[in-house]
Amino acid sequence: KGLRNGGVICVKENVVLGGTFVLDREDNSVSRTDAEYRAVFEQAGLQVEHQLKQVSWPTHLFPVKMYALRPRVDGDGAKQNSEAAASPDAPV
(Lines give C-alpha, C1' and ligand atoms only; values in the text may rest on other atoms or scores of the structure.)
Protein backbone atom coordinates (compact mmCIF):
# COMPACT_ATOMS: atom_id res chain seq x y z
CA LYS A 1 0.00 0.00 0.00
CA GLY A 2 2.95 2.33 0.53
CA LEU A 3 4.76 1.61 -2.75
CA ARG A 4 3.91 3.85 -5.68
CA ASN A 5 2.84 2.27 -8.96
CA GLY A 6 6.00 1.30 -10.79
CA GLY A 7 8.02 1.65 -7.56
CA VAL A 8 10.93 -0.62 -6.65
CA ILE A 9 12.00 -2.07 -3.32
CA CYS A 10 15.79 -2.41 -3.01
CA VAL A 11 17.34 -4.96 -0.65
CA LYS A 12 21.05 -5.31 0.08
CA GLU A 13 22.06 -8.34 2.15
CA ASN A 14 24.87 -10.73 3.01
CA VAL A 15 24.31 -14.01 1.14
CA VAL A 16 25.51 -17.48 2.10
CA LEU A 17 26.82 -19.27 -0.99
CA GLY A 18 26.34 -22.84 0.17
CA GLY A 19 24.35 -24.75 2.74
CA THR A 20 21.78 -22.93 4.82
CA PHE A 21 21.41 -19.75 6.87
CA VAL A 22 24.14 -18.65 9.29
CA LEU A 23 23.39 -17.08 12.66
CA ASP A 24 26.08 -14.73 13.99
CA ARG A 25 25.62 -14.65 17.75
CA GLU A 26 28.16 -11.83 18.13
CA ASP A 27 26.05 -9.25 16.28
CA ASN A 28 22.72 -11.18 16.28
CA SER A 29 22.50 -11.15 12.49
CA VAL A 30 21.24 -13.86 10.15
CA SER A 31 22.71 -14.41 6.70
CA ARG A 32 20.58 -16.46 4.31
CA THR A 33 21.14 -18.18 0.98
CA ASP A 34 19.93 -16.68 -2.28
CA ALA A 35 17.20 -19.33 -2.42
CA GLU A 36 16.03 -18.43 1.11
CA TYR A 37 15.84 -14.73 0.23
CA ARG A 38 13.93 -15.54 -2.96
CA ALA A 39 11.46 -17.64 -0.96
CA VAL A 40 10.86 -14.69 1.40
CA PHE A 41 10.35 -12.35 -1.57
CA GLU A 42 7.91 -14.84 -3.13
CA GLN A 43 5.94 -15.15 0.12
CA ALA A 44 5.74 -11.36 0.25
CA GLY A 45 4.28 -11.21 -3.27
CA LEU A 46 7.45 -9.73 -4.79
CA GLN A 47 9.44 -10.67 -7.86
CA VAL A 48 13.12 -10.04 -8.51
CA GLU A 49 13.50 -7.54 -11.35
CA HIS A 50 17.28 -7.30 -11.14
CA GLN A 51 20.12 -8.52 -8.94
CA LEU A 52 23.79 -7.65 -8.56
CA LYS A 53 26.66 -9.06 -6.54
CA GLN A 54 28.84 -6.51 -4.74
CA VAL A 55 32.20 -6.22 -6.50
CA SER A 56 35.56 -5.61 -4.85
CA TRP A 57 34.35 -7.23 -1.63
CA PRO A 58 36.76 -8.83 0.90
CA THR A 59 36.87 -12.59 0.43
CA HIS A 60 36.77 -13.30 4.19
CA LEU A 61 33.27 -11.74 4.44
CA PHE A 62 29.98 -13.13 3.19
CA PRO A 63 29.25 -11.89 -0.33
CA VAL A 64 26.70 -9.08 -0.60
CA LYS A 65 23.87 -9.14 -3.13
CA MET A 66 21.46 -6.39 -4.06
CA TYR A 67 17.94 -7.15 -5.27
CA ALA A 68 15.49 -4.82 -7.03
CA LEU A 69 11.96 -6.07 -6.29
CA ARG A 70 8.52 -5.23 -7.62
CA PRO A 71 5.10 -6.56 -6.63
CA ARG A 72 4.14 -9.66 -8.64
CA VAL A 73 1.31 -9.15 -11.08
CA ASP A 74 -1.12 -11.78 -12.33
CA GLY A 75 -2.00 -12.43 -15.98
CA ASP A 76 -4.39 -9.46 -16.26
CA GLY A 77 -1.87 -6.96 -14.86
CA ALA A 78 -3.34 -6.78 -11.35
CA LYS A 79 -1.06 -6.90 -8.34
CA GLN A 80 -1.31 -10.20 -6.50
CA ASN A 81 -2.68 -10.05 -2.98
CA SER A 82 0.12 -10.70 -0.50
CA GLU A 83 -1.94 -10.25 2.67
CA ALA A 84 -1.46 -13.91 3.62
CA ALA A 85 2.29 -13.43 3.44
CA ALA A 86 2.02 -10.36 5.65
CA SER A 87 0.40 -12.41 8.41
CA PRO A 88 2.48 -12.51 11.58
CA ASP A 89 1.94 -16.29 11.59
CA ALA A 90 3.41 -16.78 8.11
CA PRO A 91 6.71 -18.71 8.12
CA VAL A 92 9.82 -16.74 7.20
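Aromatic rings make a good way in: there are 3 aromatic pairs here. One of them is Tyr37 with Phe41, whose ring centres sit 6.3 Å apart with planes at 25°, so this pair counts as stacked. Keep in mind that you're looking at a predicted model. Overall, the protein has 1 helix and 5 strands, and from the N terminus on they follow the order β-β-β-α-β-β.

**The aromatic cluster**

- Tyr37 and Phe41 share helix α1, which covers residues 34–43. They are 4 residues apart, or about one turn of the helix.
- Both residues of that stacked pair, Tyr37 and Phe41, are buried.
- Tyr37 also pairs with Tyr67, and this time the arrangement is tilted, at 6.2 Å centre to centre and 45° between the planes.
- That second pair ties together distant parts of the chain, since Tyr37 belongs to helix α1 and Tyr67 to strand β5 (residues 64–71), 30 residues apart.
- Why does Tyr37 count as buried? Its relative accessibility is 5%, and the cut-off for buried is under 20%.
- Tyr67 has a relative accessibility of 2%, so it counts as buried too.
- Put together, Tyr37, Phe41 and Tyr67 make up one aromatic cluster.

**Strand β3 and a nonpolar patch**

- Strand β3 takes in residues 29–33, and Thr33 is part of it.
- Thr33 has a relative accessible area of 10%, so it is buried.
- Which residues does Thr33 touch, if you skip its neighbours within four places in sequence? The answer is Val15, Val16, Gly19 and Thr20.
- Val30 is in strand β3 as well, but at 31% relative accessibility it counts as partly exposed.
- Val30 joins Phe21 and Leu23 in a nonpolar surface patch of about 240 Å².

**Pro63, in a loop**

- Where's Pro63? Look in the loop between β4 (46–53) and β5.
- Despite its place in a loop, Pro63 counts as buried, with 15% relative accessibility.
- Measuring from C-alpha to C-alpha, Pro63 and Lys53 are 7.3 Å apart in space, while in sequence they are 10 residues apart.
- Once neighbours within four places in sequence are set aside, the contacts of Pro63 are Glu13, Asn14, Val15, Leu17, Lys53 and Trp57.

**Lys65, in strand β5**

- Lys65 sits in strand β5 and, at 15% relative accessibility, counts as buried.
- The side chain of Lys65 makes a polar contact of 3.2 Å with the side chain of Gln51.
- Lys65 has a list of contacts beyond its neighbours within four places in sequence, including Val11, Lys12, Glu13 and Val15. Asp34, Gln51, Leu52 and Lys53 are also among them.
- Val15 is worth a look, as it turns up in contact with Thr33, with Pro63 and with Lys65.

**The whole protein**

- How much of the protein is buried? Buried residues account for 18% of its 92 residues.
- Taking contacts between residues at least 6 apart in sequence, 49% join residues at least 24 apart.
- The accessible surface comes to about 6,900 Å², and carbon and sulfur atoms hold 53% of that.

Methods: Residues are numbered from 1 along each chain as its sequence is written. This is a predicted model: local features need pLDDT of at least 70, side-chain atom pairs count only at pLDDT 80 or more; totals for chains, interfaces and linings use all residues. Side-chain values use heavy atoms; hydrogens and water are left out. Helices (H or I, at least four residues) and strands (E, at least two) are DSSP runs, numbered from the N terminus. Buried means under 20% relative accessible area, exposed over 50%, partly exposed in between (1.4 Å probe, protein chains only). Contact means heavy atoms within 4.5 Å. Rings of Phe, Tyr and Trp (its six-membered ring) pair if their centres lie within 6.5 Å; planes under 30 degrees apart count as stacked, over 60 as edge-to-face and the rest as tilted. Patches are made of residues with over 30% relative accessible area and no salt bridge: like charges are joined within 9 Å, nonpolar side chains (Val, Leu, Ile, Met, Phe, Trp, Tyr) within 5 Å. Accessible areas come from the Shrake-Rupley method with a 1.4 Å probe; for residues, only the protein chains shown count as cover. A salt bridge is a side-chain nitrogen of Lys or Arg within 4 Å of a carboxyl oxygen of Asp or Glu. A polar contact is a pair of N or O atoms within 3.5 Å; within protein, one must be able to donate a hydrogen and the other to accept it, and residues adjacent in sequence count only if both atoms are side-chain atoms.
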